[in-house]
Amino acid sequence: MDEQNKNLFLATALSFVVILVWFVLFPPPEEPPVDPNAPVIAEGDVPTNNDLAAAPTAAPGSAPAQTAESADTVESPRVSLNTDRLEGSISLIGGRIDDLRLKDYRVTNDDDSDIVQMLDPAGSENPYYALYGWAPGAGLTLDDVPGANTQWQVETGDTLTQSSPIILRWDSPAGLTFRRTIAIDQDYMFSINQSVENNADAAVSLAPYGILARKGEPTDLKNFFVLHEGVVAMADGTLSEIDYGDMPDFNIVPSEGARAEVTQVTENGWIGFTDHYWMATLIPEPGTAYKQVAKYDDRRDIYQTETVLTTIQVAPGESQNANTQLFAGAKEWETIREYENGGVQGFLDSIDWGWFFFLTKPIFEVLHWLNAAIGNMGWAIIGLTLGIKALLFPLAYKSYVSMAKMKELQPEMEKIKERTGDDREKLQKEMMALYKKEKVNPAAGCLPILLQIPIFFSLYKVIFVTLELRHAAFFGPFQDLSAPDPTSLFNLFGVFPWASPEPGSIMALVFIGILPLLLGISMWLQQKLNPAPTDPTQAMIFAWMPWVFMFMLGSFASGLVVYWIANNTITFTQQYLIMRSQGFKPDILGNIKGSFKKATKPEEK
């Protein structure tokens with residue numbers, strides 16, 4: 001095998017080795033076993049704005065919120081919520097949006113699987129909810145403003161739908177009337193209007209706020225290096241991402257009464273929690289100045305984000321209001337793009353595009369468009385591969401032409417090696433002179449491969465991170481391209497009636513599926529375009545390489561394996577045709593026979 005083909009396969013190997021090193025250094029953790037005897041979170045140990053690390057205050061120097069008994073809202077009076085895409089309810093204790101399910105998504109790919117639970121009330125095993133209220137300023141106490149345990153009354157509406165908002169009302173003992181109007185659109189955006197009417201004799205000051213709180217880390221936390229899970233925030237055009245695991249390392253901020261990071265936003269921003277496929281985000285009205293807080297209470301293991309708007313003055317007989325939004329739902333690219341176009345600055349960046357965002361964003365957009373046009377994500381991935389190969393074809397053509405010329409120079413190169421013997425310096429000098437004379441660039445074959453490495457990483461990121469690949473079907477048994485190949489040699493790809501090994505087990509690594517097998521074969525055939533290296537060590541390495549990668553990639557997302565099979569097939573075809581056009585006819589069958597002869601040669605002895 002000539003130097004160009006060695007470079008080709010070594011560069012390919014390098015791209016996989018880099019990924020595998022990442023997997024070794026940052027392996028996804030095993031799911032912790034669930035203790036059936038673990039207690040349910042008891043009353044008094046759930047997050048509310050009364051027992052969170054510190055509730056917002058209206059102004060520096062005003063009294064902080066005091067810890068109070070938490071309200072278990074699982075059985076609280078509720079208002080139903082029902083839209084085309086969401087179902088759940090709103091607790092009248094605190095007016096919390098704390099019970100939300102996504103109608104379009106199931107936990108697993110089974111038809112009888114439960115739909116995804118997005119938010120959970122206090123008193124459940126995994127409390128996670130949104131809470132709105134007013135922080136007291138001059139002239140007010142905590143009892144004068146609505147808090148986490150305030151009993152709201154329904155003034156208008158009995159069910160929140162996309163066409164019928166609800167209005168909640170609470171009359172303060174200080175002579176203030178608070179109203180909260182909650183509306184929702186056809187997707188996942190809530191609109192929250194908080195108003196206060198001063199019926200007293202003196203002016204008051206207070207600040208509207210919003211809180212997202214959750215007890216503990218998500219139970220389905222992936223904790224994988226390629227995916228961000230935790231706080232995601234935009235502040236005046238600057239995106240910040242904080243992993244759940246980094247929040248306990250916050251410095252203690254005395255004014256917040258907990259470990260926190262505080263950002264003053266002057267015009268536009270949002271903050272919330274993002275998980276693998278779902279997100280909840282507090283979004284103040286564009287053009288509004290506010291305080292943005294990410295907070296962790298290590299006493300209660302509570303994660304919290306806040307938006308605290310500027311303090312407003314309400315004179316006797318006057319009313320004031322504040323408008324904010326809450327996104328709570330699936331991270332659908334089209335939906336989030338619509339919200340960004342509607343005024344939520346930088347909202348598409350809430351999707352974790354990674355370091356190669358300049359590649360992942362256009363790659364996903366093309367993949368999304370192809371999927372919409374074709375109607376099948378698997379074929380869309382193959383179409384994307386064709387597009388990438390077409391884009392890189394000019395470079396690939398030069399590379400393969402250079403490889404063909406190098407092949408023509410092979411006899412002369414062998415003569416130089418014989419003539420120079422062990423003199424490496426003389427060998428290098430004469431080789432460079434030969435390359436210069438024949439106008440051949442020995443490094444030209446590596447460029448297309450080097451360009452494919454970031455593309456490979458970017459596509460892996462897209463397949464692993466984006467919601468659109470979740471449960472995306474190809475054909476037959478391949479009903480989730482974000483998951484590993486479900487077929488297995490163990491039952492001969494479904495011929496035998498027993499089940500495949502559990503994903504992640506040793507058996508699953510050994511008894512691979514049909515897609516990794518096709519990947520290994522496609523890599524092996526690509527090698528056979530050229531004779532094996534004359535050096536025995538190199539020949540052995542290249543002989544084993546396709547099969548090693550075949551097993552290593554068996555646990556990768558099947559969509560990524562589909563891409564690599566398509567890429568190998570197209571590369572094989574391109575290289576074969578270009579080599580023929582340059583007057584060189586690859587002896588594929590002869591090279592295959594030669595590899596089997598070498599494999600059986602020791603036995604013949």
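What share of the contacts between residues at least 6 apart in sequence join residues at least 24 apart? I began my notebook with that one, and the figure for this chain is 67%. A reminder to myself before going on: this is a predicted model.

**Entry 1: the whole chain**

I looked up the overall counts next. The chain holds 13 helices and 21 strands. Of its 605 residues, 51% are buried. For the surface, I found an accessible area of about 28,000 Å², and carbon and sulfur atoms account for 57% of that.

**Entry 2: the open sheet**

I then traced a sheet strand by strand. Nine strands make up this open sheet, and I wrote down their order as 6-8-9-10-21-17-16-12-13. The pairing is antiparallel. Which strands stand at the edges? They are strand 6 (153–156) and strand 13 (238–243). Each has a single partner strand, so one side of each has no neighbour in the sheet. I also noted the twist, which averages 20° from one strand to the next.

Within that order I picked one pair for a better look. Strand 10, residues 189–198, runs antiparallel to strand 21, residues 319–330. I found nine bridges between these two. One residue I followed across was Ile 192, whose bridge partner in strand 21 is Thr 324.

**Entry 3: Ala 294**

Now to a single residue. Ala 294 sits in strand 18, which covers residues 290–297. Is Ala 294 buried or exposed? Its relative accessible area is 3%, and the cut-off for buried is under 20%, so Ala 294 counts as buried.

I listed its contacts too, leaving out residues up to four places away in sequence. Ala 294 touches Val 231, Ile 242, Met 247, Phe 250, Arg 259, Ala 260, Glu 261, Ile 271 and Gln 304. I also checked Thr 305, eleven residues from Ala 294 along the chain. The C-alpha atoms of Ala 294 and Thr 305 are 4.5 Å apart.

**Entry 4: a nonpolar patch**

Last, I went to the surface. Which residues form a nonpolar patch there? I noted Leu 489, Phe 490, Leu 492, Val 495, Phe 496, Trp 498 and Met 507. Together they have about 620 Å² of accessible area.

From this patch I singled out Met 507, which belongs to helix 9 (residues 506–510). The relative accessible area of Met 507 is 38%. Partly exposed lies between the 20% and 50% cut-offs, which is why I entered Met 507 as partly exposed.

How values were computed. Residues are numbered from 1 along each chain as its sequence is written. This is a predicted model: local features need pLDDT of at least 70, side-chain atom pairs count only at pLDDT 80 or more; totals for chains, interfaces and linings use all residues. Side-chain values use heavy atoms; hydrogens and water are left out. Patches are made of residues with over 30% relative accessible area and no salt bridge: like charges are joined within 9 Å, nonpolar side chains (Val, Leu, Ile, Met, Phe, Trp, Tyr) within 5 Å. Accessible areas come from the Shrake-Rupley method with a 1.4 Å probe; for residues, only the protein chains shown count as cover. A salt bridge is a side-chain nitrogen of Lys or Arg within 4 Å of a carboxyl oxygen of Asp or Glu. Helices (H or I, at least four residues) and strands (E, at least two) are DSSP runs, numbered from the N terminus. Buried means under 20% relative accessible area, exposed over 50%, partly exposed in between (1.4 Å probe, protein chains only). Contact means heavy atoms within 4.5 Å. Two strands pair if DSSP finds at least two bridges between them. Axes are lines fitted to C-alpha atoms, for helices over the stretch in contact, and angles run from 0 to 180 degrees between N-to-C directions.
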